[in-house]
Every structure is written in structure tokens, then in C-alpha cells.
Amino acid sequence: MSGPLTCLVTIHGIGFEEPPDDGQGMPGYADALHSMLREVIPGLGDDPERGHGAVYVAGPSPTSMDRLDPSRPLATPGAHCAHVALVYTCFEESMPDPLGLFAIILWSVRYARSYITARGAVQMLVGTLQSLRRKGSPGATSYPGSLRLRDEAQRRQLRNRMRRHPRRREPNRRPSGPFSIVWQVSQDVGGYVARHKYRERVRSFVEAVLTSLSCREDVRAIVLNTHSNGTVVGFDVLSDLDPSTDLKIRGLVTAGSPLRKYADLLGWGTDAGRLCPRRWINVWDRRDPVADSLQPPVTWRRGQPHTGGPGLFHRWSPAEGELGPVTVTDRMVDNVQDARPGGGGLRSHDYWANPGFCQILADLHDEVERESE
């Protein structure tokens, strides 16, 4: 058993999670990020059972939590940081939810004025177009990208079946290129917002993983690394997490987070429940149409000057008997300019390809590790 460990738990946007298939030479969705983090976190260990990459925990099979059994180490010997990546694409609906997406659009139109100014809307459109056009700096180290669609494995299985049955044709299941990202986001967001059973399955799985890790004696602190709609999942779970589990969660990183959109456009509000991380860093790119600043107060609208502030969210303090802010610190990056080339889709949303983002995550890890000693 390795220990004591700081455990980095990665939660990606729902549809972009892909478990590894070492037999086919296919890496998991967080393996490229893991390699970049090893450049800035020297003590980051690999999965001792795979010999490389992150430790993957996938649901919802009865044995899905076996990988977190205390008898099975989370990192290679000598490491002081473990990396656990969650996979819950199996909980998703197999088809898009057009009614849920339509409801989201109606809500967004109704409350758009509370979220964005006319100037901000123009800036968002221009930034999105720049992000789609930019290919990255020539000669830079290539990066596979973190926006990998979930049905890559399904397509691979389908091609294998076609070899056995050559008369069958592979159906065109989704659009290609940048529009495939839009298709995926509409499917995931529509399902998560509109289907309660789907949302609860995801929340229960993530909560079970965090509880299991917190109960391990070799884990002294947990840092959550969340991306895109994974930031919503992480927020959802932490806002209702048992206080005994919350004791080991020392840091939260939200990257490319649409949480302000959920609060302003979808009527989720700004109550953070029990969420109270010791460190909360929100990383965003001004060209990223998905991401928002979370540090300004609820009265701030996208397109206005960034005034700073205590944070968008608040929580009830039983000890003081009043509402207090949940402190969040914004950190701006430029993925379009700085991210390594090679990823596809919306470049401004590909935070894991940006060494600057990896350094932010490494700095938070170092802070948490020093405090836990």
C-alpha cells in the first residue's frame, strides 16, 4: 500500500469520457493529461496495475468499485500523488433528448438578460469563431486532445463486425468535425438537466467513489479536477456530500465551467448547499463559449468588466446563522494561443492541452500537499 497520498480525481464532461483499452492500444481519456501533469508534478504515480496512466474507475457494474479496494494500490511505489479518472458514460441515454434541449433553449432565451450583455454576446460569437479556426503554434509538441467523443469505441466495435459481415454498412450516427462537439454537448446537457433518473445515477456513482477514497487510510487529501459539464456534476455532488467525506476534499478546480449559465439561464440559483472547499480555482478562457467567470457576484453579466468579488455562490452557515459567500478564484488562460496542437473541435475549450492549466493544477496540488503534511 502506498501512502500517504494526495489523490487527484478527474471528472470530465460526460460524453467525452473513454476508458482505456490497452489490448487495442487505445489510451483512456485522461492519459494524455496524466503525462502532461507528470512534467509538473514529479511525485505523480502511474496506475500500478496498468503500468502507466491514470487509475480508471468505471460504473455501474457490481465490481466497478473493486478498483478502490484498500488492498489494491492507487499509485506506483514511491509516489506521493495518485490520479483517479472517473468514467460514467454507461449511465447516459443512447439518443439525444430534443425535448430537454428545447426546454433549455426556452429557459435561456427567457433569462438571457440576466446572464449576458449585447456586447458580451458579440464577444462570445467572435471568440468561438476564432477558437474553431485556430490550429495552434507550428512545431509545438502534439497533444491528442481531451475532447474525444464517446462513441469511438462503439465505432471500433462496429468496424470489427463489418469485417465479419462486409455487406453491412456503417451508419452515420453523428455529425463530423466541430459540429460533433455541439451534437455531443446537446445530448449530454439535455439529458442531465431534463432526466432526473440519469442525473441521480451519475451523482450516486461519483459520491460513492469520493466516499471510498476518503475512507482509505493511504489517502490524506483529495483534489477534484473537473472539466466542462463535469464541473456541474462535481458541484452537484459536493453541494450535497456528507460532511465526514468532505473533510478530505481540500481543493476543487473547475475548467471550462458552465455553472454560471446553469445558475442564470436555467434557474438553478446560487445556493451551494454544503459545498465549501478550502481552495476553489475556476479556470476559464474568454473565447470559450462554454466557460464563464465565477468570481464576480450574481449581479455581474458576461460582457461587463471583470470586477472580482466573493464569488457567484453562497451557502448557509449553521454556526453563524446566516448566508456567506463560497470563495472562488478565477484564473484566465488562453487555450487558443497556448494549448498544444493536435486536439479537435473547440480549441478554446481544450484546457488539458494547455501547459498553463496543468501548472495551475500542479500549484494547487502542492498547496494541498504542504497543508496535509
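Okay, so let's start at the N-terminal end of α11, where N354 acts as the cap. One of its side-chain oxygens sits 2.8 Å from the backbone nitrogen of G356. Keep in mind that this is a predicted model.

Following α11 along, you run through residues 355–372, which is 18 residues. From first C-alpha to last, α11 reaches 26 Å, close to the 26 Å you'd expect at 1.5 Å a residue. And which residues of α11 are buried? There's F357, C358, I360, L361, A362, L364, H365, V368, E369 and S372. Yes, H365 and E369 are on that list.

Now over to α6, residues 196–215. With 20 residues at 1.5 Å each, α6 should span 28 Å, and the end C-alpha atoms are 28 Å apart, so the two agree. The buried set in α6 is Y198, V202, R203, F205, V206, V209, L210, L213 and S214. Why do I say they're on the same side of α6? Because they cover an arc of only 170 degrees around the axis. Turn to the face pointing away from that buried side, and you find H196, K197 and C215 exposed.

Okay, zooming out to the whole protein. We have 11 helices and 9 strands, and of the 373 residues, 54% are buried. Take the contacts between residues at least 6 apart in sequence: 77% of those join residues at least 24 apart. As for the surface, the protein exposes about 16800 Å², with carbon and sulfur atoms supplying 54% of that area.

Notes. Residues numbered from 1 in each chain as written. Predicted model: local features only at pLDDT ≥ 70, side-chain atom pairs only at ≥ 80, totals over all residues. Heavy atoms only, no water. Helix = DSSP H or I, 4+ residues; strand = E, 2+ residues; numbered from the N terminus. Buried < 20%, exposed > 50% of the residue type's maximum accessible area, 1.4 Å probe, protein only. Contact = heavy atoms within 4.5 Å. Areas by Shrake-Rupley, 256 points an atom, 1.4 Å probe, with all protein chains shown as cover. Expected span 1.5 Å × (residues − 1). Polar contact = N/O pair within 3.5 Å; in protein donor to acceptor, adjacent residues only side chain to side chain. Arc of directions from axis to C-beta.
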